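Work through the exercises below with the sequence and the structure in view. Each task is followed by a solution in steps.

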Amino acid sequence: MTNLDAHSPPSERLPEIIRRLRLAHPDACCALQHRTPWELLVATILSAQCTDERVNKVTPALFERFPTPRAFADAERSEIEEAIRSTGFYRNKARHIQEVAQIVAYEYDGKVPADMATLLKLPGVARKTANVVLGVAFEIADGIVVDTHVKRLVTRLGLVKAKDPKKIEQELIAITPREDWIDLAHLLIFHGRRVCKARKPDCTACTLNDLCPSSELNPT
DNA sequence: ATCCCGAGGG
DNA sequence: CCCTCTGGAT
């Protein structure tokens with residue numbers, strides 16, 4: 001073991017950070033319930049500013065009522081809104097889901113596109129959502145998911161300087177082996193939920209505290 | 001920068 | 001009350 005500390009370069013700390021997070025969170029994975037790429041795409045749109053737990057509460061009934069993209073496409077908008085209301089932003093989310101469903105059903109033969117450029121054309125789908133679908137449903141590492149947890153943790157860890165999610169993603173890509181792109185986000189998200197929480201981070205229990213410039217245990 | 005939006009925690 | 005939760009469009 002070398003003498004890594006909280007102020008070692010990001011590229012040197014990152015492999016050790018990933019190694020320890022894998023040990024701490026061997027169960028890290030996408031927590032959104034889904035059976036198909038389509039269901040994952042819908043669940044991911046619903047997950048904006050909403051816990052995955054709450055998304056999982058509405059999706060079983062949602063996918064029973066609307067089993068296919070075509071069913072969503074031809075539905076009454078208000079019925080979709082009602083089914084997803086508790087996830088917040090329900091009017092925008094219902095509109096996006098229905099518009100995406102119409103495109104998927106009638107332009108892509110019911111299949112979710114498996115490439116970044118096509119996904120990004122869908123209304124309500126930007127890099128975060130596209131990266132989740134590509135990584136989890138298709139096992140394609142085209143980029144790195146940067147959500148609120150990933151942003152908070154990599155900022156606290158001093159792994160990136162940028163504040164804009166797109167720039168953060170580019171900085172992460174530059175220092176992360178591609179084979180870790182998909183796992184990294186899941187590991188950070190699990191760690192963010194359980195330990196490095198937004199309000200009251202539990203630095204004492206954190207497996208990364210000696211590598212973190214923001215740890216309350218380290219001198220600044 | 002602001003809006004969309006509901007639910008739960010502190 | 002205020003903050004946060006796997007954001008995206010205007």
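**Exercise 1.** Determine how the residues of the surface near DNA strand B divide into nonpolar, polar and charged.

Solution. Step 1: list the surroundings of DNA strand B, taking a residue as near if one of its heavy atoms lies within 4 Å of the strand. The list is Gln49, Arg54, Arg85, Ser86, Gly88, Phe89, Tyr90, Arg91, Asn92 and Arg199.
Step 2: sort them, with Ala, Val, Leu, Ile, Met, Phe, Trp, Tyr, Cys and Pro as nonpolar, Asp, Glu, Lys and Arg as charged, and the others, Gly among them, as polar. The result is two nonpolar, four polar and four charged residues.
Step 3: find the main contributor, which is helix α6 (residues 90-107) with three residues. Helices here are DSSP runs of H or I with at least four residues, numbered from the N terminus.

The model is predicted: local features need pLDDT of at least 70 and side-chain atom pairs pLDDT 80 or more, while totals for chains, interfaces and linings use all residues. Residues are numbered from 1 along each chain as its sequence is written, chains are lettered from A and ligands numbered from 1 in the order in which they are written, and side-chain values use heavy atoms, leaving out hydrogens and water.

**Exercise 2.** Find which parts of DNA strand B are approached by Gln49, Arg54 and Asn92.

Solution. Step 1: look for polar contacts, meaning pairs of N or O atoms within 3.5 Å. A polar backbone atom of Gln49 is 3.5 Å from a base nitrogen.
Step 2: turn to Arg54, where a side-chain N or O atom lies 2.8 Å from a sugar or linking oxygen.
Step 3: a polar backbone atom of Asn92 is 3.2 Å from a phosphate oxygen.
Step 4: of the strand B atoms within 4 Å of the protein, 55% belong to sugar or phosphate and the rest to bases.

**Exercise 3.** Describe the surroundings of DNA strand C.

Solution. Step 1: the strand has 27 residues around it, and the closest are Thr129, His149, Arg152, Arg193 and Arg199.
Step 2: these surroundings divide into 13 nonpolar, eight polar and six charged residues.
Step 3: base oxygens of strand C lie 3.3 Å from a polar backbone atom of Ala31 and 3.2 Å from a polar side-chain atom of Lys128. For Asp147, a side-chain N or O atom is 3.1 Å from a sugar or linking oxygen.
Step 4: α8 (127-137), α9 (148-156) and α11 each give two or more residues to this surface.

**Exercise 4.** Locate the salt bridge of Arg19.

Solution. Step 1: search for a side-chain nitrogen of Lys or Arg within 4 Å of a carboxyl oxygen of Asp or Glu. The whole structure has twelve such salt bridges.
Step 2: Arg19 pairs with Glu16, with the closest N and O atoms 3.0 Å apart.
Step 3: the two are separated by about one helical turn, because they are three residues apart in helix α1.

Note on methods:
A polar contact is a pair of N or O atoms within 3.5 Å; within protein, one must be able to donate a hydrogen and the other to accept it, and residues adjacent in sequence count only if both atoms are side-chain atoms.
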